[in-house]
Structure formats: structure tokens, C-alpha cells
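Let's walk through this model together, starting with the whole chain and then turning to one pair of helices.

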Amino acid sequence: MSAGAYAGPPVEDTLATAGSTGAGAAAGIGSRAAANTVLLLAARVTSRVIALAVVLVIQHQLVDSDFGIFNTVVTYAALVSIVVDLGFNTLYVREGARRLDQLERYLDNVASVKVPLSLVGLLVLSGLLRARGFDDLILPAFALMLGAAYSNLLRNTFYANGRLLWEAIDIVMEACILLALAIIGMRTGQGVAFFLWAYAVTYAVSCVYFATVLHVTGVARLRWRLELNAVIRPWFAAALPLAVTAVLANVYWKVDVPILQAVKGNAEVGWYALAYSPFQALLFIPFTIRSVAFPVLGVYFRSAPNLLQRSSETLFRALLVIGWPCTVGLFVLTPQITSLLHFRYPQAEASLHILAVAVVFMFVDN
């Protein structure tokens, strides 16, 4: 992990105390992380089941080519979101966990700098969608990207301070709202733009929820604050390696859809995206564990280096042990799963069979 540089008076790490006290505090953080992981896993199991239902509702409404367009636009929005983030979100979680008394200040700065970054993101997204002939979907795609950017930033506050009950509530709430909107779209015969707006509205509700909780609990009161010399410039330098990593990871993870769309067209993207639904549904497990573990490892790096290696090894062993049976089960039961989920596009079964092999690797690597 790279260390950030800061101007102004130093702030002591509240968990980095000397001797056995520091180790005890770090061990307490580890215990709380285990409890948080269980809580979030329960919430994400619920939300992923609902999210999978949302995808099935959308594919029931849209023909394969329209479903392909929907997923292509979502993918472009996800790729361009790197411009809006530039590694600041990850750095915010790490530094917020280390300096809880500065959490509000950091949140204000990152939220403020996302405004100009979002304008740059809009220009890039518009250019990409126009080039692919999706001019009419630029506005809902931008709303989706912007809502996701701020929702993720606000939720990261709870990962930084370890108060993840609020995050668990939001996970389930988001999924339920999205399912309700998807059902409305199906029953009223809506097209691609409606479902993009449905995701954007869900993120907007999430932003309002998180901002309200932060205000009521006294954690943070959002305001405009852009400390270029004290926070933004030092953070930009520290976040640059994280931003480069995010670019590489997101391009690796997302570029398959734009390539397939350019080479084979929208219909085959629809088949492929549908196969990704159960595959991606399983990835909430490593994502949840990693999200909880990251700020804890950031604290261990400072206050309890002896626990850092042991915790990292335990993390990867757990991911491997969970991921292997998921790979075997999905590979063996692919025909039964596609039948159970009522895939509208039977061509998706072949893709899911291949993707099953990658699950265990994604658990460890993701």
C-alpha cells in the first residue's frame, strides 16, 4: 500500500498506540471485521438473489439485441467511471479508517472534486456512445454513472468507520427498489432507456439515504470543500497508482462487452451478458470480504504489522476454499441452472459453461 502525504499539522492514528495496547486495538478491529463480513454477506445474499431476478425481468422484456445494447451502455458507463474516481475512493477508505477524526473533511474534499471530474466523464462518455450510435442513451447513462460514483463514495464512509449496519440496510433497499422499477418497466412495455433510468434512480435514492444517515448520526454533514494544496494534490499523487490499477482492472474486466459488440453485434452481447448474470452473482462473496478486509489491513499496516501477513494469508485461503466448490457446482449444473432461471436466450448456456471455470480464479484474484 502506498502512503499518502499531507500538508498541515499531523493527525495521530487513533488505533496506532504503543505496545500491547496497539495490538489489542488491532485485534478488536479484526473481530469487528469478521462480524461485519457476516452481516454484509447476509445482506448481499438477499440483494444478489433480487438483483438476479431484476436481470431476468429485464431479459424477459427486451429482445436479445436490446438487452445487448443495455449491457453495452452500462459497461461504457462503468469504464468511464474511472475518470470520475481516479483512485480517490480507495484512498478515502484507507485514510478515513486511519484518521477517523478527519473523515468528514476527507469526504467533503472527495465529493467536491468529483464535480469537475464528472464533467470530464460526461465528455468521454458522450464521445464513446456517439461513436457506437447510442446518442439517445447519453443522458440516462451519465445519470447512472454519476449516481453510482456518489453512492459508492458515501457508502465507503461506513466501510472506513466499520459501521456497516447502514450499508447492509441500503444493499437490500436498493435491490428491492430496482426490482419494483424493473417490474413496472416490464408491465408497461418499456425499452432500454427506462431500465437505465431505473438504475440511476436507485443510486440517487441510495445517495439520499446515505447522506441522511451521515447527517443524523453526526458522522458527516456534506458541504463544498476543495482543499487543493492540503488534500487534493497530495491525494492525487498518492492515488495515481491506484487509478492506474483501476484502469487496468476495469479494462480487463469490462472490455469484453465492447469488443463483442463491435465484432458480433448487439444480439450476441445479449446472450453473453445473460450468461454473466449467475456468474457475477457469485462474485459478491469475494467482493464483500475484500471490502471489509481492506480498511482493516490498512490499519494493521500502521499499528500491527505482525497481524498483516497472517490476516492476508487467512483471507486468500478462505477465498480459495469458498471459490472451488462454486466453480465445480456451476460447471456441472449449467443446464439445470439455465433452465431454472428461465433464460430467454438459449445461446447463453454455452457462455455460462465456460465462465464457470473462471469462478475460483476470480474469487482469489478479485
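How much area does the chain expose, and what share of it do carbon and sulfur atoms supply? The chain exposes about 16,400 Å², with 68% supplied by carbon and sulfur atoms (Shrake-Rupley method, 1.4 Å probe). Keep in mind that this is a predicted model, where local features need pLDDT of at least 70, side-chain atom pairs count only at pLDDT 80 or more, and totals for chains, interfaces and linings use all residues. Residues are numbered from 1 along each chain as its sequence is written, and side-chain values use heavy atoms, leaving out hydrogens and water.

The chain has 15 helices and 0 strands (DSSP runs of H or I, at least four residues, for helices, and of E, at least two, for strands, numbered from the N terminus). Of its 366 residues, 49% are buried (under 20% relative accessible area, 1.4 Å probe, protein chains only).

Now look at α3 (residues 88–98) and α4 (residues 103–131), whose axes come within 10 Å and cross at roughly 175 degrees (lines fitted to C-alpha atoms over the stretch in contact, with angles from 0 to 180 degrees between N-to-C directions). That crossing makes α3 roughly antiparallel to α4 (angles over 145 degrees). Phe88 and Tyr92 are among the α3 residues that meet α4, where Leu103 and Val110 are among the partners.

How confident is the predictor? The average pLDDT is 82 (confidence in each residue, from 0 to 100). Helix α7 (residues 192–216) has the highest mean, 94, and helix α1 (residues 19–61) the lowest, 68.

Terms used: Parallel < 35°, antiparallel > 145°, perpendicular 65-115°, else oblique. Contact = heavy atoms within 4.5 Å. Buried < 20%, exposed > 50% of the residue type's maximum accessible area, 1.4 Å probe, protein only. pLDDT = per-residue confidence, 0-100.
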